[in-house]
Amino acid sequence: MVEKVTEKEAARGVINKLVRFRGEVANALVPFLFLSLAQKPADSRNFNEEVMKALKPPTEIELTIAQSQKELVELIASTSYVQQTKEIAQFQIDVRELTEKFNNIEMIGKFLVPEKPIGISWFYALTINVPSRHNFEQFVRNKVQDLFIETAKTKWIPDVDALRRLEGKKYEISKVFVKVETEERRNIMIEFLRDIILREAEKRGSRRDIIYEILDRLSLRLNAFATVEIEIKDLETHESLILRGFGVPHKVGPTIMSIDRDLAILEAITDAFDNLKNLLKKAIGQRVYQSNVFMVVPNFK
Amino acid sequence: MRYFVFQTEETKIKPGDKVRVLVRNYEIKNNKPEFGEKILEEFVLEKFDYYPEVNILVIFSPANFSEQELVKKIGQGEVILQIESNVS
């Protein structure tokens, strides 16, 4: 039921943007520090200040001196931290749009009727293809259930045989396919580099957690691209609907970079399910907006 | 609190919308990647400011956490803002 468009081309466009961006993140370290002050224990604060001083950051901002909301926003917007996170936010939007392009919201809205029963035989339907030795099965199961119970408001029937015996409209999830692509060569290089730096830092008596944190902020973002495909059958009409969601890692908080490949995979799958969730919400008539918060500040007193 | 987010699409939110702020953690625990999610706060949107020249949206919430509370509640987590409302 879902129209097939040039999927590979569209996906490649997003991947190209990610790859281009990857080379531009080297200046990410310094501007983070002022933002992370409010969320760090006191002992790392001094360290942050020392690093700021040593690296002569281009912009030093003390949030408390901002006279007004507008002034505060202008100050924040001028930092390279914000430029950086803005690019990541743009990726999120690109991937969300990609998900919307691949699916027909109106058709989904007509196809999925809230309160109707839905189930899945995980054994036959679930396929996970990720470059990791870890098992993501339970995580994906939880995400799928959340998608159909919380978002689509369908009624989850755990026993597929019981589901099939029910009268009236009912759905069966016939396929859940999750695939994540990562850039292997780059990952190996980053892991190698991380080990060397951490080992050297320990020899010099540096705190491992702080070094790790700095590495986390450097241009060591691991790129991953997740595709989630879910096929749903209407057991009454025998029509099928395929939902496709795409996702990338997009952490934009104080620790902006995912240094670990498995975490990048986890983030990318989460993002793909987020995009599917927003798609389903739109399909059932809700206006939705989702974004990563790049800064939290107390209200003016 | 004031939550700063990028808003590069047309602002479609309005007072009365439901806002949920989530804190997500992606961690390696016992040598396994784990995902955790908690609700930081939920509220009905009353006030927000949008600065189109820098595409920054500031959402105001009724809560006002102290620095210590923020450290405890957010830590190294990822903060997600979700706003939704029914189309009338």
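**Exercise 1.** Work out what share of the contacts in chain B between residues at least 6 apart in sequence join residues at least 24 apart.

*Solution.* Start with the cut-off: a contact means heavy atoms within 4.5 Å. Now keep the pairs in chain B that are at least 6 apart in sequence; 63% of these contacts join residues at least 24 apart. Before going on, note that this is a predicted model, where local features need pLDDT of at least 70, side-chain atom pairs count only at pLDDT 80 or more, and totals for chains, interfaces and linings use all residues. Residues are numbered from 1 along each chain as its sequence is written, chains are lettered from A and ligands numbered from 1 in the order in which they are written, and side-chain values use heavy atoms, with hydrogens and water left out.

**Exercise 2.** List the elements of chain B from the N terminus on.

*Solution.* Helices (H or I, at least four residues) and strands (E, at least two) are DSSP runs, numbered from the N terminus. Chain B has one helix and six strands. Walking along the chain, you meet β-β-β-β-β-α-β.

**Exercise 3.** Find the strand order in the open sheet that four strands form, and say which strands stand at the edges.

*Solution.* Two strands pair if DSSP finds at least two bridges between them. Applying that gives β8(A)-β1(B)-β5(B)-β4(B), with antiparallel pairing. β8 (295–297) of chain A and β4 (48–51) of chain B each have a single partner strand, so these two are the edges, and one side of each lacks a neighbour in the sheet.

Next, zoom in on where the chains join. β8(A) and β1 (residues 2–6) of chain B run antiparallel and share three bridges, and A:M295 sits opposite B:F4.

Finally, see what packs on the sheet. Helix α4 (residues 69–77) of chain A touches β8 of chain A plus β1, β4 and β5 (56–60) of chain B. Its direction makes about 45° with that of β1(B), using lines fitted to C-alpha atoms (for helices over the stretch in contact) and angles from 0 to 180 degrees between N-to-C directions.

**Exercise 4.** Identify the residues with the most contacts inside the largest nonpolar core.

*Solution.* Collect buried (under 20% relative accessible area, 1.4 Å probe, protein chains only) Ala, Val, Leu, Ile, Met, Phe, Trp, Tyr and Cys residues joined through side-chain atoms within 4.5 Å. The largest such set has 42 residues, and A:F148, A:I230 and A:I269 have the most contacts inside it. The largest share, 12 residues, comes from α12(A). A second, separate core of 22 residues includes A:V293, B:M1, B:V5 and B:I83.

Terms used
Buried < 20%, exposed > 50% of the residue type's maximum accessible area, 1.4 Å probe, protein only.
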